[in-house]
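I opened a fresh page today to get to know a new structure. Here is what I am looking at.

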Amino acid sequence: MRLDTSYADKFIKKADLESVKTEVIECHNMLEKGSGEGSDYLGWLHLPSRTDKKSIEEIQLAASSIRNSCQACVVIGIGGSYLGARAAIEFMDITRGVKIIFAGNNIDPDYLSNRLDELKGQDIAVNVISKSGTTLEPAAAFRVVMDEMKKRYKANELKKRVICTTTQSKGALFQIARKNGFGLFFIPENIGGRFSVLTSVGLLPMAIAGIDIDELIKGAVCAEEMSASCDLEKNPSCKYAVYRNILYRMGKKIEIGASFHQSMLYVLEWWKQLYAESEGKNGKGIVPLTAIFSTDLHANGQLIQEGERNIFETFLAIDEKSKDIALPACDDNLDGLNYLAGKGLSFINKMAYKGTSLAHMQGGVPNMTLSVKERSAFCLGQIFYFFQRAVGLSGYLLKVNPFNQPGVEAYKKNMLSLLK
């Protein structure tokens, strides 16, 4: 894993870095010592290196049971309770084995109805994920899905097919699980939802899908070890946090997380929630937007290139291709592409990335690139921990508590009031 800042270094001077050096050390120490705001929710900080073999084996055993008895598994959750798992499954492009269907991440009746239609004639299991069990979106979906499950399976069979991931010894979902004898995995109380991807919240659905979660944790451990120092040249997550805060202070209020790899779509969606919910408070915050290029260059490329200069970009790149397709030659060459005959689409895609990042820098858009070696569970573990570590530091540099989300309750209060 490496962070290339060469197209941001054109905008950031050494004096800018020196001016925040003391602040960076203080914020880094606040994380490590647990002396900053929200320190009760730092359970994720050294989670990778403290994840024991027994915990992984328990998750793998439960996943194996579901894989051996089901064709599909419905994962019910919203926000951090599903985005990490979906990011991993999309990134790894799992196409064999148990099909994972996501529900409870919206209240759209068409969406849930269509998902239920997909499950007709299939043996299914359910993994419902919620700390409280009372969040409307997943709770409503769980009721609907369980109504369908009860029509298919008797109580003894249901016990084998429903797993609840929730808070230990409290909350509605815990009570439901105990009352019905459903399987249970616990969410650590000192880890917030958006930081929970490396807990059973993310690991169980990933394991059910067939992802090597042991390798994922090893990748996260690697990134954790890289984050031990606050030396920018040794710690890429620290460097990323520092650069984005300096750019923010320069008036760059919008960060576009972009990739030329379709497999990164939900990784970026996971990143978007992590950063928006961690930093957007007290009238502050960098607005995280996502884009998949070159598709979105045909939608917002003009604005990025020549619009208001309040944007910077972070590209996610994969060094080694897993698959490739060579462009064939054509006798009439009416499209004029024979000069590319024999070239792989991976080469063309890479040149599109290089041309875009250069053009945007020249147009006044600083950009950085986080690259990983390949599409593997190990590299994905690196990505997950990199961004978690960086947002903790970045939030402290912004002088906000990166581990709470008081504003999330506002829409819930209004919605519940209207529903009642």
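These are my notes on one sheet and on the cysteines.

**Entry 1: the model.** I remind myself that this is a predicted model.

**Entry 2: the sheet.** In what order do the five strands of the open sheet stand? I looked it up and found E1-E10-E9-E7-E8, with mixed pairing. I then asked which strands stand at the edges. They are E1, residues 2–4, and E8. Each has a single partner strand, so one side of each is left without a neighbour in the sheet. I also noted the twist: on average, neighbouring strands of this sheet are turned by 20° against each other, direction ignored.

A reminder to myself on how such sheets hold together: strands pair through backbone hydrogen bonds, either parallel or antiparallel.

**Entry 3: strand E7.** I went to E7, which spans residues 254–259. How many of its six residues are buried? I found five, and wrote the strand down as mostly covered.

Next I checked its partners. E7 pairs with E8 (residues 287–292) in the parallel sense, over six bridges. Within E8, I found Ala 291 opposite Ala 258. E7 also runs parallel to E9 (residues 311–318), and six bridges join the two. Here Ile 254 has Ile 311 of E9 as its bridge partner.

I followed the chain a little further too. E7, helix H13 (residues 265–279) and E8 together make a β-α-β unit, and I noted its hand as right-handed.

**Entry 4: on to E10.** From E9 I stepped across to E10, residues 367–372. These two strands pair in the parallel sense, again with six bridges. To find my place, I marked Ala 317, whose bridge partner in E10 is Ser 371.

**Entry 5: cysteines.** How many disulfides does a search of the whole structure find? It finds zero. I wanted to know why Cys 238 is not bonded to Cys 230, which holds the closest cysteine sulfur. The two sulfurs are 5.9 Å apart, and that is too far for a bond, because a disulfide needs the sulfur atoms within 2.5 Å. I noted as well that Cys 238 is buried, at a relative accessible area of 2%.

Cys 379 is in no disulfide either. Its nearest cysteine sulfur belongs to Cys 222 and lies 8.9 Å away. Is Cys 379 buried or exposed? I have it down as buried, with 4% relative accessibility.

How values were computed:
Residues numbered from 1 in each chain as written. Predicted model: local features only at pLDDT ≥ 70, side-chain atom pairs only at ≥ 80, totals over all residues. Heavy atoms only, no water. Buried < 20%, exposed > 50% of the residue type's maximum accessible area, 1.4 Å probe, protein only. Helix = DSSP H or I, 4+ residues; strand = E, 2+ residues; numbered from the N terminus. Pairing = 2+ DSSP bridges. Right-handed = clockwise from strand over helix to strand, strands pointing away. Axes fitted to C-alpha atoms, helices over the stretch in contact; angles between N-to-C directions.
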